Amino acid sequence: MQSVPPQLLTPATLASLANLELVARTAVEGFLVGLHRSPRFGFSQEFKEYRAYVEGDDPRFVDWNVFARTERTYIRRYEGETNTRLMITMDASASMGYGSHSVTKLGYAKFLAAALAYLASRQHDPAGLIVFDSTVREFRPPSARAGSLSGMIHAIDAVQAGGSTNLTESFRAFHEHVSRRGLVAVISDLYCDPAALARAVQPLAYHGSDIMIFQILDPRELKPDWNESVILEDLESGEALNVAPDYFRDKYGARLQAHLDSLRRAAAGVGAQQMLMSTAEPLDKALHRYLSFRQGRP
Amino acid sequence: MFLAPWFLLGVLGIALPLWLHRIVRENRTRQAFASSMLLEASQTQRTAQRQLRYWVLLALRIALLVILALAFAQPLLPSRAAAELARPQLQAIVIDSSLSMQSGGRWQSALDAARTLLENTRSPDRVMLVSASGDRMQILGGPVAASDAGTLRAALGSLQPGAARLDYGLLMRTAGSWLGNSNGASEQTITLHLITDLQRSGGPLRFADLQPPAATRLQLHEVAGTAVSGNAWIERLGLSSQDSRQVRVRAAGNLAPGREAVLFIDGRERERRPLLQAELLFAPQRLSAGMHRVEVRLSPADELPQDDARFAVIRAGDVAVLLLAADPNGDDAAYFSAAVASVNRPRLRVLRATPQTLAPGAFDSPAMIVVSDTGLLSTGAVTRLRERLQAGGTVLATLGPRAVSRGSDPLSGLALRNAGSATVRVGSVDDSHPVLREAQDWRAARFFRHLLLTPAADDKVLIALEDGAPLLLERRYGNGRLLLLTAPLDRDWNDLAIYPLFVRFISDAARYLSGDAQSPDALVGTPFAAGLTGTSEGQIFDPEGRPALSLSATGTAARVLPASPGFYEIRGNEQTRWLAVNVDPRESDLSPLDAAAVARWQALRPRVAARSNAASGDVPAAPVSVGRWLLWGLAALALAELLFANRHLRVRREVAQ
């Protein structure tokens, strides 16, 4: 297998690819190659059993050592393939449309969602999609059937930013669609009350799902670099504020950090894990964390 | 040193950029942002920076304003100061020792300033000390090397201010001579330190007289301070025009209540009157005929007591006029006697005499001498008359046939010749002269014969005939005056004597020449003619009774320089006269020169030396304006300010993403 240079996984590079499925494949394959070469990380899926090869199985999972000894084809099955249902919930509110460079937060969220879906599909896990803003805008139930990945990626690709964020209302709505336990990946910028986040996620946790919260922020949100006073207009509410540079310099960082800490505590309080990502970071980091999370939470 | 120092207040304008640079203008650029959840609105007030912004631009703007203020204030720098400092200089320290320096602490300040200058004199320089007062600049010491300045310090310790007036114009006009650099040919440059109170009344009539001599730099040290003057003085003293027995005075200055004027006549107090207004009239006094010493003194004394008293010698009774003619009973003598006797105030008593009957001391006592035809004067009489004139006497003389026969006027020395027999009339009259102010109809008189003469350069022609020949001219002899009528009072020559204007003319001339019945007044520090002639038996005593003339000078010196106010006693061979000497009233006005005049004075360039300074390498020490360089600096700063301001304006707004 050809190795993929790391710079191909940068958001800017991925954004240049027109096809989101191609983006997902490039990201995941490149990431997997990186994993095999890494001394610290391994593919953490736990081996469970051999199963006779049937038509339609991916020949990459055929255990050729067994075939050499027995001249019969078996494929390896893993623990995660049997009981993990991935539900990707993606925030498509107007604030996700913000970006200070070529990749907006929604664009990065699409990359991440597509990669997660592709990875699940590669492991034969059913993957579903929920797109929400103040309400549930799109719902695709988890499915591992052939062709479902293409449909899902198409649905992800069609998402446009708009509307305001209402986590409580949205999560109450798609809680109705999550009937079985599994992994729920929440992708959002989380401009919400941490308590509201806890209240929204808690029913899923009680239901037994593992919850992974990807908080995506733009580099300029993490570290504003305005040197002059500037009027900033909220993409969701339209509110305009005249903000002085000394506020960004002296207060904003502490206020953001307090907000992140509150979110992290709120997530931990309901058994979820929260991961902060910058749209300038390579996508493989998200996949690393995802797999690490899966390792720790079988 | 600035020509217009008030413009320095413009430096306060730097508060404007300081204030502007503390304000950040509102940024109207709108940019989208994900959420305002973590943001905080900034009010306009909060956008004011606590720290100044754009330091370089601010510094440029402050420098721009400072240089602009300096340019308007017009700073002056000494020309080639460095070159001058490298050369040994003569430091001439001139102390104003006039009367006004006795006021308040001015004299002590002047002494302190002089001592400081002596101590600060550099080693290669030489230094001299001069006391300036009245008409005489007294060199107290020097020039000596700076290391020998001890003698000057000793001289400074014994120096006292005088009572005379200092005229800054006279000081600067004569500076070249007593500095030893009258033609600017000296190799050294001179710094003239004038320590003075810069009295306004010390200014000359012509501002150009303040010009320093060649190669001399003037440095003024003002010691007047800022205290408001409370000085009062008596400006004028004389007899009332309505009643010659009444003494009238006019005071000036700060006439504070509680003071009174005390009248002394011949040393005895006669009357006291409160000084409630500037004009004061004393009660009629009984005065015997003759000269009387009148003194009016303000009491109590003020900060400048030397000018509180004023002195006058007043003649009471008739005034004698000596008429000298060839025939005491001739027509001309009759005409003169009648006209002179018509004068009522003062009453003039005519004494007729001929050259043969003239007594030796006859010229000393009359208030005026009339000579009908100067040709009759002997050589000795001419000499005595000239001495009389030099001593302040007055003579009205006519020319006549005897003078014509001598070919010249023996008294004035002017050459004479007949102008022919054509009848002429008066062509021009100087009616601004006191003698001719009232008389009219001069053109009525006919002159059948007249004389031609060429006046001397200093002679003033008061009346000229139609052909330009002078009819009446005036010549000054020191304090004395000669009125010369070039036509005799003879009907064969003219018909002047039959017109009323003749009487008016003679009475006005008599009043003018007799000094309005008062003896001549003298001022402290101004030489006066002693009137002691010919012998060594005369003497002058100052108000303290000390001889004013040395033994060797009594016979020859005709001029005395009074040092203090009061009555000077002049004892001659035959009589004793009194002379009133007063301080100059202008010295009593302590108000200073305004700053603009002082600045203009200091900006005057020294006079051009006899030989070229450029050729000799001497450097004129006049201050040089630096305005041109300031303008260049302004232009450079304005350009830099534009560039920096444009640069900052370019980054003032954030660019929308």
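Two strands pair if DSSP finds at least two bridges between them. I kept that criterion at hand while going through this model, which is predicted.

**Entry 1: strand 3 of chain A and its neighbours**

I looked up the partners of strand 3 of chain A, and on one of its edges I found strand 6 (residues 183-188) of chain A, paired with strand 3 in the parallel sense over five bridges. Within the register of these two strands, A:Thr89 stands opposite A:Val186 in strand 6. Strand 4 (residues 127-132) of chain A also pairs with strand 3 in the parallel sense, in this case over six bridges, and here A:Met87 faces A:Gly128 of strand 4. I then followed the chain from strand 3 to strand 4 and noted that the path goes through helix 5 (residues 105-122) of chain A, giving a β-α-β crossover that is right-handed.

Is strand 3 of chain A enclosed, and how many of its residues are buried? Six of the six residues in 86-91 are buried, so the strand is largely enclosed by the rest of the structure. I checked the two faces separately: A:Leu86, A:Ile88 and A:Met90 are buried on one side, and A:Met87, A:Thr89 and A:Asp91 are buried on the other.

**Entry 2: aromatic rings**

I searched the whole structure for aromatic pairs and obtained 13 over all chains. One of them joins A:Phe132 and A:Phe171 edge-to-face, with 5.9 Å centre to centre and 80° between the planes. Because A:Phe132 lies in strand 4 of chain A and A:Phe171 in helix 7 (residues 167-175) of chain A, the pair ties together parts that are 39 residues apart in sequence. A:Phe132 has a relative accessible area of 0% and is buried, and A:Phe171, with 1%, is buried as well.

I also noted one aromatic cluster made up of A:Tyr98, A:Trp226, A:Tyr247, A:Phe248, A:Tyr252 and B:Phe33.

**Entry 3: B:Arg293**

For B:Arg293 I recorded two rings: its charged end sits over the ring of B:Phe567 at 5.9 Å from the centre, and B:Arg293 also lies over the face of B:Trp578, 4.1 Å from the ring centre.

**Entry 4: B:Ser412**

I located B:Ser412 in the loop between helix 9 (401-406) and strand 19 (417-418) of chain B. Its relative accessibility is 9%, and since buried means under 20%, B:Ser412 counts as buried. Its side chain makes a polar contact of 2.4 Å with the side chain of B:Asp409, while a polar atom of the B:Ser412 side chain lies 3.4 Å from the backbone nitrogen of B:Leu414. Leaving out residues up to four places away in sequence, I listed B:Arg386, B:Arg475, B:Tyr477, B:Leu482 and B:Leu484 as residues that B:Ser412 touches.

How values were computed. Residues numbered from 1 in each chain as written. Chains lettered and ligands numbered in written order. Predicted model: local features only at pLDDT ≥ 70, side-chain atom pairs only at ≥ 80, totals over all residues. Heavy atoms only, no water. Buried < 20%, exposed > 50% of the residue type's maximum accessible area, 1.4 Å probe, protein only. Helix = DSSP H or I, 4+ residues; strand = E, 2+ residues; numbered from the N terminus. Right-handed = clockwise from strand over helix to strand, strands pointing away. Phe/Tyr/Trp six-rings, centres within 6.5 Å; stacked < 30°, edge-to-face > 60°. Lys NZ or Arg CZ within 6 Å of the ring centre and 35° of its normal. Polar contact = N/O pair within 3.5 Å; in protein donor to acceptor, adjacent residues only side chain to side chain. Contact = heavy atoms within 4.5 Å.
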